[in-house]
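Work through the exercises below with the model open. Try each task before reading its solution.

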Amino acid sequence: MTDSRTYTFDQTSTSRCGFMSRARVAGLATLAAAGLWVGNATLGSATPSQAATLPDAPAATAAPLTTPAQFLDSTGLLKALNLPGTTTPATSTTNAVTDVTATAPAPQAAAVPAAIAAIAPPPPPAPASVTLDELARIVPQVAPDRLAGYVAPLNEALAKAGIDTPLRKAAFIAQLVVESDSFRTFEEYASGRAYEGRADLGNVAPGDGERYKGRGAIQVTGRHNYESVSAYLGIDFVAHPELMATPENAFETAAWYWQSRNLNAVSDSGNIESVSRIVNGGTHGLLQRIDSFQRGLAVLH
């Protein structure tokens with residue numbers, strides 16, 4: 001049934017009838033700021049049903065209003081309702097659609113460079129210092145398919161030891177050709193008994209001669225050299241001497257030996273016999289070393 005009674009709308013009657021509290025008005029203000037009340041609100045003469053939902057109005061403004069009130073934001077709404085305002089955050093931005101002041105989000109610009117860096121393409125690989133075709137021409141006595149597995153570790157050894165000129169590369173490869181029997185083996189064919197008791201090689205314990213016989217592409221020999229190359233590469237060849245004969249270690253140990261004897265400087269003189277004596281301790285296979293050296297110079301120049 002419709003209530004036809006007329007209500008007198010002032011602060012006293014509002015208080016007695018239990019109209020909205022200030023807390024609820026503040027809640028309405030928040031809803032308005034969130035964009036749930038859109039547009040302008042025009043306050044005019046209130047009907048009985050409207051009067052029951054209007055907030056506390058001061059006595060001075062109890063008379064009907066004819067001028068539209070612009071509720072642009074929560075602060076303006078509270079001011080229009082004669083309620084205490086709230087503090088606006090120091091850092092804010094205005095939403096152009098709802099015209100509501102909102103806290104600005106944290107900047108994310110710092111994350112963009114990292115994302116770009118993560119998808120950046122890797123740099124192109126450096127060109128090989130010695131190609132398979134060049135190696136096959138320097139060592140024609142070995143089939144190219146057998147040499148193919150040694151091109152990558154050979155180039156790593158060249159780069160690590162700074163063997164970067166035709167003279168140095170030809171001298172280095174010429175030594176490997178003889179010491180490894182043209183890349184056929186990375187372990188000396190002999191048993192190593194001949195090195196037993198050789199204090200100059202560091203073989204002071206029984207069995208050191210066989211244990212530390214020549215291994216690697218340049219045939220590193222003796223306990224002392226095994227200890228030194230272990231410290232250089234971080235691989236325990238003393239406890240596991242057989243590891244030196246694997247292709248990935250054979251060329252790295254050769255690079256270590258080359259650097260430790262300053263053989264780049266000796267190679268720069270072009271005197272392959274001097275290089276051979278330092279590597280071999282004599283003139284074993286000297287003619288083959290010279291032949292490989294000259295062929296290397298012809299191919300690499």
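**Exercise 1.** Which residue just after α9 takes a positive phi?

*Solution.* The model is predicted. Go to the end of α9 and read the backbone angles that follow. D181 has a positive phi of about 55°.

**Exercise 2.** Check the length of α9 against the expected span for its 14 residues.

*Solution.* Step one: take 1.5 Å a residue, counted over one less than the number of residues. Step two: for the 14 residues of α9 this gives an expected span of 20 Å. Step three: compare with the end C-alpha atoms, which are 20 Å apart. The two values agree.

**Exercise 3.** Decide how far α9 is enclosed, and find its packing partners.

*Solution.* Start with the cut-off: buried means under 20% relative accessible area. By that test 12 of the 14 residues of α9 are buried, so the helix is largely enclosed by the rest of the structure. The buried set includes the charged-type names R168, K169 and E179. It also includes F172, I173, L176 and V177. Next, list what these buried residues pack against: α6, α8, α12, α13, α14 and α15.

**Exercise 4.** Place α9 and its partners in the largest nonpolar core.

*Solution.* As background, nonpolar side chains tend to be buried together in soluble globular proteins. Here the largest nonpolar core has 48 residues. Those with the most contacts inside this core are L135, F172, L176, F183, F251 and W258. Among the elements that give two or more residues to the core are α6 (132–138), α9 (166–179), α12 (247–260) and α15 (286–300).

**Exercise 5.** Classify the ring pair of F172 and W258, and say what the pair ties together.

*Solution.* A search of the whole structure returns 8 aromatic pairs. In this one, the ring centres of F172 and W258 are 5.1 Å apart and the planes are at 90°. Planes over 60 degrees apart count as edge-to-face, so F172 and W258 form an edge-to-face pair. F172 belongs to helix α9 and W258 to helix α12, so the pair ties together parts 86 residues apart in sequence. Now check burial. F172 has 0% relative accessibility and counts as buried. W258 is buried too, at 1%.

Repeat the steps for W256 and Y257. Their ring centres are 6.2 Å apart with planes at 70°, so this pair is also edge-to-face. Both W256 and Y257 are buried.

**Exercise 6.** Which residues does F251 contact, leaving aside neighbours within four places in sequence?

*Solution.* The contacts are Y150, P153, L154, A157, L176, F183, F186 and A217. Then look at the rings: ring pairs link Y150, F183, F186 and F251 into a cluster.

Technical notes: Residues are numbered from 1 along each chain as its sequence is written. This is a predicted model: local features need pLDDT of at least 70, side-chain atom pairs count only at pLDDT 80 or more; totals for chains, interfaces and linings use all residues. Side-chain values use heavy atoms; hydrogens and water are left out. A nonpolar core is a set of buried Ala, Val, Leu, Ile, Met, Phe, Trp, Tyr and Cys residues joined through side-chain atoms within 4.5 Å. Buried means under 20% relative accessible area, exposed over 50%, partly exposed in between (1.4 Å probe, protein chains only). Helices (H or I, at least four residues) and strands (E, at least two) are DSSP runs, numbered from the N terminus. Contact means heavy atoms within 4.5 Å. Rings of Phe, Tyr and Trp (its six-membered ring) pair if their centres lie within 6.5 Å; planes under 30 degrees apart count as stacked, over 60 as edge-to-face and the rest as tilted.
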